[in-house]
Amino acid sequence: MNDDQLRDTLAFAVDVAWRAGRATLAHFQTGVAAELKEDLSPVTEADRTAETVARHMIGRRFPGDGLLGEEFGEVRPGAGRRWVIDPIDGTRAFVRGVPLYGVMLALEVDAQPVLGVVHLPALQETVHAGRGLGCWWNGRRARVSDVDRFENALVCTTDVPNIVRSGRGAGWDRIAERGCLTRTWGDCYGYVLVATGRAEAMLDPILSVWDAAALPPIIEEAGGVITDWDGRASYRNGHLVATNAKLADGLRALLREAA
């Protein structure tokens, strides 16, 4: 895929995420009911409707591409191109009427993400990136911050108890001891904050591939670094750490020491 093709596909992906996000807003702050799935995560009619919108648009435009979505599984496994859909990342926030949820969309080519979109419908923010095309936030270039001292850093996570339950609590404690400001502005919103320079790091100890596939192009094209907790350049290992460039080595060194 050349740059022009990628640019056109990215514009399409942004439109898909926007339309799926608009579908979620019809249910937002309405008291929508949530059910528990087998993994005990919640799902609502908004999740299903948003994924249906995305699948329909992608299927019409790229009928030969594979699709993997959180709610309806995978079709055409083994295709050279695969779209990965998280219709609502942050369903627990969504159900409570909190606006820090997003629609996530990625395109993988030969198992590598070439574009990513995170659309935050209730905040009217969109961050998107394509490999070699930069990262963009509501029409302007997005870049990670230049903060280079832990005591000046904002570090986010989705849920501290999840970090403890995952056995990685010592790493979080080591970071907090360095004087960082820590906040649970989590799910995809935390990664958006890193990509746009409003936070320096976002850590998640438990992730599925649909939570993660959109993030490497976004963080890296914004000038940041994204790895798993062990420092490996993979988004498929069930955990992620995204940072600005200047704190990347130091923060990962703290996590290694704690491990």
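## Close-up views of a predicted model

**View 1. The largest pocket.** The largest pocket has a volume of about 820 Å³. This figure, like every other one here, comes from a predicted model. The lining of the largest pocket counts 32 residues. Five of these lie nearest the centre: R92, T158, N162, D187 and I206. Sorted by class, the lining holds 14 nonpolar, 8 polar and 10 charged residues. Four elements each supply at least two lining residues. They are the strand β5 (81-89) and the helices α3 (91-95), α6 (188-195) and α7 (209-212).

**View 2. The open sheet.** Here 8 strands form an open sheet. Read across, the order is β4-β3-β5-β6-β7-β8-β9-β10. The pairing is mixed. Which strands stand at the edges? They are β4 (73-75) and β10 (140-141). Each has a single partner strand, so one side of each is left without a neighbour in the sheet.

**View 3. Strand β5 and its two partners.** Start with strand β3 (residues 66-69). β3 and β5 run parallel, joined by 4 bridges. In this pair, L68 has V84 of β5 as its bridge partner. Now turn to strand β6 (residues 102-109). β5 and β6 run antiparallel, and 7 bridges join them. R82 stands opposite E108 in β6. Why is β5 described as largely enclosed by the rest of the structure? Of its 9 residues, 8 are buried, so the description fits. β5 also supplies at least two residues to the lining of the largest pocket.

**View 4. Strands β7 and β8.** Strand β8 covers residues 125-130. β7 and β8 run antiparallel, with 6 bridges between them. G116 stands opposite A129 in β8.

**View 5. L115 in strand β7.** Strand β7 spans residues 112-120, and L115 has its place there. Is L115 buried or exposed? Its relative accessibility is 0%, and buried means under 20%, so L115 counts as buried. Look at what surrounds L115, leaving aside neighbours within four places in sequence. L115 is then in contact with L6, T9, L10, A13, W83, L105, A106, L107, A129, G130 and P217. S41 makes a useful landmark. The C-alpha atoms of L115 and S41 are separated by 27 Å, and the two residues are 74 residues apart along the chain.

**View 6. A46 in helix α2.** Helix α2 runs over residues 45-61 and includes A46. A46 has 0% relative accessibility, so it counts as buried. Which residues does A46 contact, leaving aside neighbours within four places in sequence? They are T24, H27, I88 and F94. Now find P121, 75 residues apart from A46 along the chain. The C-alpha atoms of A46 and P121 are separated by 12 Å.

**View 7. The largest nonpolar core.** This core has 36 residues. V118, C135, Y191, L215, I218 and L240 touch the most other members. Helix α6 gives the most to this core, with 7 residues. Apart from this core lies another, of 22 residues. Its members include L6, A50, V114 and V117.

**View 8. Y191 and its contacts.** Y191 is one of the residues that touch the most other members of the largest nonpolar core. Do not count residues up to four places away in sequence. Y191 then touches M202, L203, D204, L207, L215, I219, L240 and A242.

Technical notes
Residues numbered from 1 in each chain as written. Predicted model: local features only at pLDDT ≥ 70, side-chain atom pairs only at ≥ 80, totals over all residues. Heavy atoms only, no water. 1 Å grid on protein atoms, 1.4 Å probe; cavity = no way out; pocket = protein on both sides within 12 Å on 5 of 7 lines; lining within 4 Å. Points joined across faces, edges and corners; volume = space filled by probe spheres on them. Nonpolar A, V, L, I, M, F, W, Y, C, P; charged D, E, K, R; others polar. Core = buried A, V, L, I, M, F, W, Y, C linked by side-chain atoms within 4.5 Å. Buried < 20%, exposed > 50% of the residue type's maximum accessible area, 1.4 Å probe, protein only. Contact = heavy atoms within 4.5 Å. Pairing = 2+ DSSP bridges.
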